[in-house]
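Reader: I would like to go through this entry with you, taking the annotated spans, the helix packing, the aromatic rings and the backbone in turn. Please keep the answers close to what can be computed or read from a record.

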Amino acid sequence: MSDITANTPAIPEQRARSAPLTAVGPIAWMRANLFSGWLSTAVTLVCGYLIIRAVMGFVDWAFINAIWSVPIGPNGIAQTQACRDLHGTGACWAVVTEKHRFMLFGTYPYEQHWRPALVCILFVALYIVSAMRRFWNWTLIPIWIGTLTAIGVLMWGGVLGLPYVPQERWGGLPITLILATFGLAFAFPLSILVALGRRSNLPAIKVLCVVYVELIRGVPLISLLFMASVMFPLFLPEGMNIDKLLRAQIAIILFAGAYLAEVVRAGLQSLPKGQYEAADAMGLSYWQKTTFIILPQALRTVIPPLVNTFIGFFKDTSLVLIIGIFDLLTAGKTAIVEPAWQGFGVEVYVFVGLIYLVFCFAMSKYSAGLEADLNKHRRR
């Protein structure tokens, strides 16, 4: 037996072989999803051709054939004939380079543009700090109060040697950020109270919340803005006047609160009954049960629709143009009223759209990461 074992040739060690590239990886994915058959291959080739043509055309229009600046005549009027000679084959980004300050800051005094620019930076910094989970405690409250106070001082002025600028001179991106930030910051807690009220066992509170939600959701935002601007002052005492921006802000808060309340209520209804019974068995009060057990789970469930609603209302702030408030989109439209720049609206709308895209995409990516992080912690 030992002789047989000694004379048996050694079997070479089998090395693990990697799967062929055509079975795994991007090539396998393309074969399975893009080139699985003759019809799929044909559709893929046609779509690829159209996408390449569209991308090449956009690159030619936006970069290769584009004009980035135009000379200013002796009368101070831009000489845009070079842009008009393109006949649409290239973008005239000169309208953005010439009018970007007006689009971003409206009619705010030119020499004071550093103030609304700093306000925009403060808003972005506030969003970033609020998104960091290590600040999700009581320290976030003084951060918000201090930042919003600084924003008010910068925009209005009148103190610390800053010239006073009335609200009628405000415009552009700061107005959009003010309406969106204050609107959603006040609408979200309002929506939680309304959603809890709709599920209340007290008939008076439940009826009041139902009437509020159905009444607000039954009319478009434009009509609320119009009523806040035109009709609401008619019911005020003589000599009393509320700022137009504040009236628009209140209308946006009420409108957003009604829609967000339904999203939060959906999250509350999605929780199994056992969660409520377990909280009651622990002897928790109604507010303890709601704060520590019910709401955290409900809000985590509805993060995608909540952020979708946030994004929608961030863009809906452009509707304040109907009451004469110069938000970002309205300032962009007004920038091309000047005869020299008429006909170059596409470039202006692309510039404004990119700004909206940056903020909306950031909200979308943050919500996706937050949802994945919360789900990971829940599985542990």
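Reader: Which residues does UniProt list for "domain: ABC transmembrane type-1"?
Author: The model is predicted, and the domain label comes from an unreviewed UniProt entry. In the model the span is 76% helix and 0% strand, with its end C-alpha atoms 23 Å apart. The residues listed for the domain in the record are 173-367.

Reader: How far apart are the end C-alpha atoms of residues 38-64?
Author: The unreviewed UniProt entry annotates residues 38-64 as a "transmembrane region", alongside other spans including 171-196 and 348-370. In the model, residues 38-64 are 100% helix and 0% strand, whereas residues 171-196 are 92% helix and 0% strand. For residues 38-64, the distance between the end C-alpha atoms is 37 Å.

Reader: At what angle do the axes of helix α8 and helix α14 cross?
Author: Helix α8 covers residues 173-198 and helix α14 covers residues 303-316, and their axes come within 10 Å. The crossing of α8 with α14 is right-handed. The angle between these axes is roughly 145 degrees.

Reader: How many nonpolar residues take part in the contact of α8 with α14?
Author: From α8, the residues that meet the other helix are Thr176, Leu177, Ala180, Leu184 and Phe188, and from α14 they are Leu306, Phe310, Phe313 and Phe314. Sorted by class, this contact has no charged residues and one polar residue, and the number of nonpolar residues is eight.

Reader: Is the aromatic pair of Trp61 and Trp93 stacked or edge-to-face?
Author: The model has 15 aromatic pairs in total. In the pair of Trp61 and Trp93 the ring centres are 5.7 Å apart and the planes stand at 65 degrees. Because planes over 60 degrees apart fall in that class, the pair of Trp61 and Trp93 is edge-to-face.

Reader: How many residues apart are Trp61 and Trp93?
Author: Trp61 belongs to helix α3, residues 38-64, while Trp93 sits in the loop between α4 (81-84) and α5 (94-105). Both residues are buried, and their pair links distant parts of the chain, with a separation of 32 residues.

Reader: Why does the pair of Trp68 and Trp93 tie together parts that are apart in sequence?
Author: Trp68 and Trp93 are stacked, with 6.1 Å from centre to centre and 25 degrees between the planes. Trp68 lies in the loop between α3 and α4 and Trp93 in the loop between α4 and α5, so the parts that this pair ties together are separated in sequence by 25 residues.

Reader: Is Trp68 buried or partly exposed?
Author: Trp68 belongs to a cluster in which ring pairs also link Phe58, Trp61, Phe63 and Trp93. Within that cluster, Trp93 has 11% relative accessibility and therefore counts as buried. Trp68 has 44% relative accessibility, so Trp68 counts as partly exposed.

Reader: Where is His87 found?
Author: His87 has a phi near 55 degrees, a positive value in a residue other than glycine. Its relative accessibility is 69%, so His87 counts as exposed. His87 is found in the loop between α4 and α5.

Reader: Is Leu160 buried or exposed?
Author: Leu160 is placed in the loop between α7 (140-156) and α8. Although Leu160 is not a glycine, its phi is positive, at about 55 degrees. With 77% relative accessibility, Leu160 therefore counts as exposed.

Technical notes
Residues are numbered from 1 along each chain as its sequence is written. This is a predicted model: local features need pLDDT of at least 70, side-chain atom pairs count only at pLDDT 80 or more; totals for chains, interfaces and linings use all residues. Side-chain values use heavy atoms; hydrogens and water are left out. Rings of Phe, Tyr and Trp (its six-membered ring) pair if their centres lie within 6.5 Å; planes under 30 degrees apart count as stacked, over 60 as edge-to-face and the rest as tilted. Helices (H or I, at least four residues) and strands (E, at least two) are DSSP runs, numbered from the N terminus. Buried means under 20% relative accessible area, exposed over 50%, partly exposed in between (1.4 Å probe, protein chains only). UniProt positions are given in the numbering used here, feature names are shortened, and annotations may be inferred rather than shown by experiment. Axes are lines fitted to C-alpha atoms, for helices over the stretch in contact, and angles run from 0 to 180 degrees between N-to-C directions. A crossing is left-handed if the near helix is turned anticlockwise from the far one by less than a right angle, and right-handed if clockwise. Contact means heavy atoms within 4.5 Å. Ala, Val, Leu, Ile, Met, Phe, Trp, Tyr, Cys and Pro count as nonpolar, Asp, Glu, Lys and Arg as charged, and the others, Gly among them, as polar.
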